[in-house]
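Reader: I am a first-year student and should like a close look at one single part of this protein. Could you choose one strand and explain its surroundings step by step?

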Amino acid sequence: MSGEGSSDEKTDPGAIRHGNFINYYQFHERVRQLPRGVWQRRWDAHPARKYAGLDVGCNAGNLTYMLYDFLEKAMSQDQPEISLIGVDLDPILIERARECNRHPDYLTFECLDFLSDDCGETLRKHLAQLHKTRFDVVFCFSITMWIHLNHGDDGLEEFLRKACDLSEMIVIEPQPWKCYRNASRRLRRVKSEDFPLLKELKYTGNPTEHIEDILTRLCDFRKVTITASNDWGRTLLIYERK
Ligand SMILES: C[S@@+](CC[C@H](N)C(=O)[O-])C[C@H]1O[C@@H](n2cnc3c(N)ncnc32)[C@H](O)[C@@H]1O
């Protein structure tokens with residue numbers, strides 16, 4: 001994968017500050033890591049059998065499409081009507097995601113900063129259209145580091161609180177600490193300003209542990225499962241509302 005873990009000069013994304021890499025691929029392994037049996041926990045309470053998901057930091061939508069296909073298969077016995085909305089702060093990536101939308105009735109993409117008030121409002125409207133108050137699942141793949149680097153420890157807490165407030169279940173793929181160092185090194189290498197909050201972070205060393213602590217202590221979520229790590233060294237944390 002280009003970006004977070006790679007040191008290949010040709011794919012070095014240099015001054016990328018939010019993880020908004022233009023060609024960010026190699027998704028198969030990560031969808032394969034998802035367990036099959038945990039998704040239908042609460043959706044069947046919905047009278048119209050709608051299952052709604054949110055993909056935060058959806059980039060160009062490639063993983064969002066795969067998540068849609070995955071959920072369709074994982075819940076094929078119950079056949080809920082699945083819809084996903086992807087949000088990303090980069091307008092070019094959202095344009096790309098929209099261009100190749102195979103299921104425009106069920107997949108939508110919005111250019112929004114997840115931490116902005118606008119985003120909260122748009123997502124609540126989206127849920128209201130589906131006659132829901134929360135998403136059944138929120139996916140946060142490879143975004144927590146970028147939130148943490150740009151918004152500090154408080155920003156990471158705010159991000160997780162917001163995501164949990166909006167959902168029944170959350171799936172997080174945290175980046176390990178070595179990726180933080182790589183992101184910072186890449187900026188310095190192109191003589192760009194380092195992440196100003198990096199030195200002030202208290203949640204260092206093992207981001208996964210801090211995220212789990214925030215989910216249980218501040219968001220009142222409980223663990224469903226944690227997957228084994230893939231050959232990229234990442235695990236998926238799956239938590240749900242108590
Ligand atoms: C490293 S990419 C991960 C893409 C995708 N989730 C995946 O794992 O394949 C991180 C994405 O998060 C987006 N992002 C970073 N901060 C964001 C924010 N505050 N609100 C919305 N998107 C954000 C970036 O633009 C980027 O596309």
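Author: The account below begins with one strand and then moves outward to its neighbours.

The model is predicted: local features need pLDDT of at least 70, side-chain atom pairs count only at pLDDT 80 or more, and totals for chains, interfaces and linings use all residues. Residues are numbered from 1 along each chain as its sequence is written.

The chosen part is strand β1, residues 50-56; helices (H or I, at least four residues) and strands (E, at least two) are DSSP runs, numbered from the N terminus. Six of the seven residues of β1 are buried, so this strand is largely enclosed by the rest of the structure. A residue is buried with 20 or more other C-beta atoms, placed from the backbone, within 10 Å of its own, exposed with 12 or fewer, and partly exposed in between.

To which strands is β1 joined by bridges? One partner is β2, which runs parallel to β1 and is joined to it by seven bridges; strands pair if DSSP finds at least two bridges between them. Within this pairing, Ala52 has Ser83 of β2 as its bridge partner. The other is strand β4, residues 137-141, which pairs with β1 in the parallel sense over three bridges. Here Gly53 is partnered by Val137 of β4, and Asp55 stands opposite Phe139 of β4.

The link from β1 to β2 comes next. Together with α2, the two strands make a right-handed β-α-β unit; right-handed means that, with the strands pointing away from the viewer, the path from the first strand over the helix to the second runs clockwise. Asn59 lies in the loop between β1 and α2. Its phi is near 55°, a positive value in a residue other than glycine. Most residues other than glycine have a negative phi. Asn59 is buried, because 26 other C-beta atoms lie within 10 Å. Further along, helix α2 holds Lys73, which is exposed, since 9 other C-beta atoms lie within 10 Å. The C-alpha atom of Lys73 lies 8.7 Å from that of Arg36, although the two are 37 residues apart along the chain. In the loop between α2 and β2 one finds Gln79. This residue, too, has a positive phi, of about 50°, although it is not a glycine. Gln79 counts as exposed because it has 10 C-beta neighbours inside 10 Å.

On the β4 side, five of the five residues of that strand are buried, so β4 is largely enclosed by the rest of the structure. Val137, Phe139 and Phe141 point one way from β4, while Val138 and Cys140 point the other way, and all are buried. In a regular strand the side chains alternate between the two faces of the sheet. Four bridges join β4 to strand β5 (residues 169-173), and these two run parallel. Cys140 stands opposite Ile172 of β5. With α5 between them in the list of parts, β4 and β5 make another β-α-β unit, also right-handed.

The setting of β1 can now be widened to the domains. The chain is divided into domain 1 (45-135) and domain 2 (139-242), bounds that come from an automatic or database domain assignment. Their centres, taken over C-alpha atoms, are separated by 21 Å. Each domain brings 13 residues to the contact, which requires C-beta atoms, placed from the backbone, within 7 Å. On the side of domain 1 that touches domain 2, the elements giving two or more residues are β1, α2 (62-74) and α4 (117-129). The most come from β1, with four residues. By class, this side has eight nonpolar, three polar and two charged residues; Ala, Val, Leu, Ile, Met, Phe, Trp, Tyr, Cys and Pro count as nonpolar, Asp, Glu, Lys and Arg as charged, and the others, Gly among them, as polar.

Finally, there is the ligand. Both domains give residues to the shell around the ligand, so the ligand lies between them. Of the 22 residues around the ligand, Gly19, Asn20, Gly57, Asn59 and Phe141 come nearest; a residue is near if its C-beta atom, placed from the backbone, lies within 6 Å. Asn59 is thus the residue of the loop between β1 and α2 met above, and Phe141 is one of the buried residues of β4. The elements that each supply at least two residues of the shell are β2 (81-88) and α5 (144-165). By class, the shell has 13 nonpolar, six polar and three charged residues.

Definitions and conventions
Contact = placed C-beta atoms within 7 Å.
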